[in-house]
Each structure stands twice: as C-alpha cells, then as structure tokens.
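The following exercises are to be worked through with the sequence and the model in view. Each task is followed by a solution in steps.

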Amino acid sequence: KYWGKRAGGEKLILPANDSFSITLSTHPFRTKTSVVLRDDLEEDTLILNGEKSDVRSTPRIQSVLDYVRSTCPDELKNKRVYIVSENNFPTAAGMASSASGYCALAAALVRVFNSTANVSMLARMGSGSACRSTLGGFVIWHKGEKEDGSDCVATQFVDENYWPEMQVLCAVLQGGKKNTSSTAGMQQSLQTSPLMPKRIATTVSERMRTVSEAIKARDFYTFAQ
C-alpha cells in the first residue's frame with residue numbers, strides 16, 4: 001500500500017515505498033472529465049460535481065496545470081482551461097476519487113495541450129495513487145530514486161485479462177467525506193508510528209515480492225493473506 005512520502009517528496013508526491021494496485025473497470029464506477037482550452041477566460045475554471053472550485057487555492061491542481069503548460073507547444077501555453085469533472089461514486093469518502101479524478105484530468109490535459117508529459121507522472125503530481133490508475137489490470141507504482149521524480153511512475157504488471165476470476169467487491173457503507181484525509185493520515189503515521197521505519201525498509205519489499213509471485217501464479221490464497 002502507498003502510505004507515506006519519502007523525505008523531500010511532499011511537493012512532487014514521491015512515495016516512501018513501491019506499491020501495487022488493481023485498476024477497477026469503469027462499469028459501474030467512473031470519473032468523467034472534459035477539458036476545453038479557452039481564450040475568453042480570465043482564469044482557469046474547474047466545475048467538480050456541479051460546483052465551481054477555486055483552482056488557485058488548490059496547489060495540486062495548480063501543479064498539474066503548471067507542468068502540462070511547461071511541456072506543451074508555445075502557442076498553447078497561455079490558454080486558459082475550462083474543466084468539468086464528475087464522479088458517479090462518493091467523493092473524498094475513501095474510494096479513491098482523487099486517484100480517479102487526477103488520472104482522468106491528466107489524460108485529458110495531455111491530449112488537449114498536445115503535451116509531451118508522461119501521463120502517469122503528471123497524474124501523480126495531483127494524487128499519488130492516480131499514477132497507477134492510468135493503466136489497467138495490476139499496476140506497480142515505482143517509488144524511484146531521482147529527486148525530480150522522473151523515475152517515479154507506474155507500470156503495468158499484468159493486464160486486466162490475466163486473472164479473470166479475480167473480482168473486486170465495493171460496498172459503500174457511508175458516502176460522506178471521511179474525517180481524516182489520506183494526506184493527513186500518512187503524515188501522522190510517519191511522524192508517530194514506531195513501525196514505519198521497518199515497514200519502509202523491509203516489510204513492503206518482501207510483500208511486493210510475495211504478491212507479485214501470487215498474481216503470476218493466480219494464487220488467491222497467498223494473495224489474500
């Protein structure tokens with residue numbers, strides 16, 4: 001699991017360890033994001049789930065926009081964006097709405113700006129887990145070693161057709177916003193848990209190997225353990 005950023009990795013969202021994820025199908029859960037470049041806007045605009053959000057007060061969205069503009073043709077750099085995004089599942093409730101949202105946003109921005117940015121890396125700047133959502137099936141997010149985060153991207157381990165018997169059940173017990181954000185929870189764990197150093201140093205790498213072997217062998221018992 002991704003839980004905590006490495007020292008100095010807060011701004012670029014560089015994790016303390018590698019992690020695995022399973023990308024869910026867009027049926028039934030999905031984020032739909034549309035982006036239009038405009039000349040008639042004074043500022044970038046985001047409509048999220050029907051409500052206008054302040055882009056300037058959201059540093060992560062601003063980071064994503066700044067980076068995509070730095071990697072696009074000169075004639076598009078000063079264009080403003082009008083973004084409309086909606087989820088058909090609870091937002092900020094622990095169901096990875098930020099991963100889904102920033103993944104969709106990054107993919108749309110790269111296309112509309114004709115950007116050379118890596119979609120996985122761009123999505124990561126908004127939400128760490130979003131970099132894994134750019135690919136289907138079982139995905140590994142590599143923590144990388146470089147300070148600029150250029151090697152901190154996701155790669156597909158096996159595609160969505162490799163283990164068709166594997167199904168994910170999502171039960172929404174409470175759709176409201178969770179009391180503690182993932183970012184705050186991670187920071188608290190890193191600052192207060194005596195178990196985190198060992199987890200980062202040895203536990204995660206050992207489990208990554210075990211899980212990799214279980215997926216390759218389609219061994220659900222070991223995978224579930």
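**Exercise 1. Determine how the span of helix H5 compares with the expected span, and where H5 bends.**

Solution. Helix H5 covers residues 196-217, which makes 22 residues, and its first and last C-alpha atoms are 30 Å apart. The expected span is 1.5 Å times one less than the number of residues; for H5 this comes to 32 Å, and the span found is close to it. Helices here are DSSP runs of H or I with at least four residues, strands are runs of E with at least two, and both are numbered from the N terminus.

The next step is the axis. H5 bends by about 40° at Thr203, where the bend is the angle between axes fitted to the seven residues ending at a residue and the seven starting there.

Two remarks on the basis of these values are in order. The model is predicted, so local features need pLDDT of at least 70 and side-chain atom pairs count only at pLDDT 80 or more, while totals for chains, interfaces and linings use all residues. Residues are numbered from 1 along each chain as its sequence is written, and side-chain values use heavy atoms, with hydrogens and water left out.

**Exercise 2. State which residues of H5 are buried and which elements they pack against.**

Solution. Buried means under 20% relative accessible area, exposed means over 50%, and partly exposed lies in between (1.4 Å probe, protein chains only). By this rule the buried residues of H5 are Met196, Arg199, Thr203, Val204, Met208, Ser212, Ala214 and Ile215. Thr203 is therefore both a buried residue and, given how the bend is defined, the site of the bend.

These buried residues pack against strands E1 (19-22), E6 (138-141) and E7 (154-158), and also against helices H4 (182-192) and H6 (220-224). Contact means heavy atoms within 4.5 Å.

**Exercise 3. Describe the residue Arg218, just after H5.**

Solution. Arg218 lies in the loop between H5 and H6. Its phi is near 55°, a positive value in a residue other than glycine. Most residues other than glycine have a negative phi. Arg218 counts as partly exposed because its relative accessibility is 40%.

A second case can be set beside it: Ile13, in the segment before E1, also has a positive phi, near 55°. Ile13 counts as buried, because its relative accessibility is 1%.

**Exercise 4. Identify the largest nonpolar core and the elements that build it.**

Solution. A nonpolar core is a set of buried Ala, Val, Leu, Ile, Met, Phe, Trp, Tyr and Cys residues joined through side-chain atoms within 4.5 Å. The largest one has 25 residues, and those with the most contacts inside it are Val35, Val81, Leu109, Phe113 and Leu122. Two or more residues each come from helix H1 (59-70), strand E5 (80-87), helix H2 (97-112) and helix H3 (119-126). H2 gives the largest share, eight residues.

To see one member in detail, take Leu122. Leaving aside residues up to four places away in sequence, Leu122 touches Val64, Tyr67, Val68, Ala106 and Val110.

**Exercise 5. Locate the cis peptide bond and give its omega.**

Solution. The bond joins His27 and Pro28, with omega about 10°. Pro28 lies in the loop between E1 and strand E2 (31-38).

**Exercise 6. Summarise the secondary structure of the protein chain.**

Solution. The chain has six helices and seven strands. From the N terminus, their order is β-β-β-β-α-β-α-α-β-β-α-α-α. Of its 225 residues, 40% count as buried.
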